[in-house]
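Visitor: I am new to this structure and would like to understand how its descriptions are reached. Could you show it to me and take my questions one at a time?

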2 protein chains.
Amino acid sequence: METENLPVTALLQYFEKIFPLNNQEREEIAKNFTERSVKRRAMILQQDDICKHFTFVVKGCFKMYVVDMGGKEHNLQFAVENDWITDLSSFYAAEPSNVYIEAMEHSVVLQIKHDDLLELYIKYHKFDRNFRIIVERKYIELQNRMLQNISLTANIRYIQFIKKNPHLANRLPGSQIASYLGITPEFLSKVKKEIAHK
Amino acid sequence: METENLPVTALLQYFEKIFPLNNQEREEIAKNFTERSVKRRAMILQQDDICKHFTFVVKGCFKMYVVDMGGKEHNLQFAVENDWITDLSSFYAAEPSNVYIEAMEHSVVLQIKHDDLLELYIKYHKFDRNFRIIVERKYIELQNRMLQNISLTANIRYIQFIKKNPHLANRLPGSQIASYLGITPEFLSKVKKEIAHK
DNA sequence: CGTCTATTTGAATGTACTCAAAAGCGGTGG
DNA sequence: CCACCGCTTTTGAGTACATTCAAATAGACG
């Protein structure tokens, strides 16, 4: 079936893994999510803009980061295929964002507009539930990352990262992983070296 | 009105701030949440137990922490009045928990059992929504904390912590805050000293 | 092949930790 | 009221972890 390859199919399959959908719900998803192709280095959100979309990654890879007073970037999160990326804070409060969301590869996303999502929440019980579950899972992940950050050394944090995200580890430049782990690229290089000859 | 002082009133008011409740929903809350008094140092969850309750803090203060291989405790989160504390991962997956949740003061909580909450989700659209919103807010907070951890020095992290949680800063022993910030109590003491004479 | 960017190296510095010991600070009992 | 206990906080010296800055190498791509 050629429909297998449509971007929206990936999203439908994603939802079906949480809860089965009926035809009406499938149609609503197809109707409310807009496909968009994003070139490498293009931003789907910039600081001071209001985050107007909830974004599902069909293909490619994004990073969300903040830029500090010294101009340094700090990666808050990556998102690859079948993951969501959005500045929740700006999205729901309709306030200017503090973050950037940038494509690290040529990517394809499906986006739903704020107002349309709120409408879905109202019309279909299931979307409140699905998005509750999505955020709960992301919260658990983030809490685990937090734990590692307060309890482990950079060396071990890096080992855990590549163990948990083997695909990301070779897909992303090391400097980006360093930023995510909260260390400098130079130090990551030394960490790698130390791990290598053991 | 004497009902003003009932623990469940605090919870009803909490929900009303998110969405107005009707009488039926108020009754369901009163029926499904159980009041419980917890003594200082008592645990409402221990490692290897399955987290069976979602807990709302009416009065008092809790910490959630893990114990590492070296026997050190690392605080993942505090919860005071009008906050929630639960090991989401263990709660939804019904798997043994990795964390402890301990009362730091004599406390009063309202707890809902896993199965009862799932039933509420099914029967009342609004609970899916309320808990979606609760988790979204906690996710945003946690993401901000994460950002600080990967981008700021302990010194600044501590200053931000007392600025953001002035009540907690004098309610908790410094050693507990140190554990939350991911530093040793000794180093926190030095940080305080440095901040003091400026 | 040259250009651009990412990675690696090294030396010097700063940030945070360990361990051990001293000082402060409620209680509690005499 | 004081002496003592247990606990938290503070101090200090030595060490480990991580950063900065500058320069050298290595990879990717046109």
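Visitor: Which residue of E5(B) does B:Met64 stand opposite?

Guide: In this predicted model, B:Met64 stands opposite B:Gln77 in E5(B).

Visitor: How do you know that strand E4 of chain B and E5(B) count as paired?

Guide: Two strands pair if at least two bridges are found between them, and six bridges join strand E4, residues 62–67 of chain B, to E5(B), so the condition is met and the two are a pair, running antiparallel.

Visitor: What makes E2 and E5 of chain B edge strands?

Guide: The open sheet has four strands in the order E2-E7-E4-E5 in chain B, with antiparallel pairing. Strand E2 (43–45) and strand E5 (73–79) of chain B each have a single partner strand, and therefore one side of each is left without a neighbour in the sheet. Neighbouring strands of this sheet are turned by 30° against each other on average, direction ignored.

Visitor: Which helices lie on E4 and E5 of chain B, among them one from chain A?

Guide: Helix H5 of chain A, residues 125–151, lies across both strands and runs at about 130° to E5(B), while helix H8 of chain B, residues 174–181, packs on the sheet and touches E4 and E5 of chain B, its direction making about 100° with that of E5(B).

Visitor: What makes a residue count as near DNA strand C, and how many surround this strand?

Guide: The C-beta atom of the residue must lie within 6 Å of the strand, and 16 residues surround DNA strand C, the closest including A:Gly174 and B:Phe187. The largest share of this surface, six residues, comes from H9(A).

Notes: Residues numbered from 1 in each chain as written. Chains lettered and ligands numbered in written order. Predicted model: local features only at pLDDT ≥ 70, side-chain atom pairs only at ≥ 80, totals over all residues. Axes fitted to C-alpha atoms, helices over the stretch in contact; angles between N-to-C directions. Contact = placed C-beta atoms within 7 Å.
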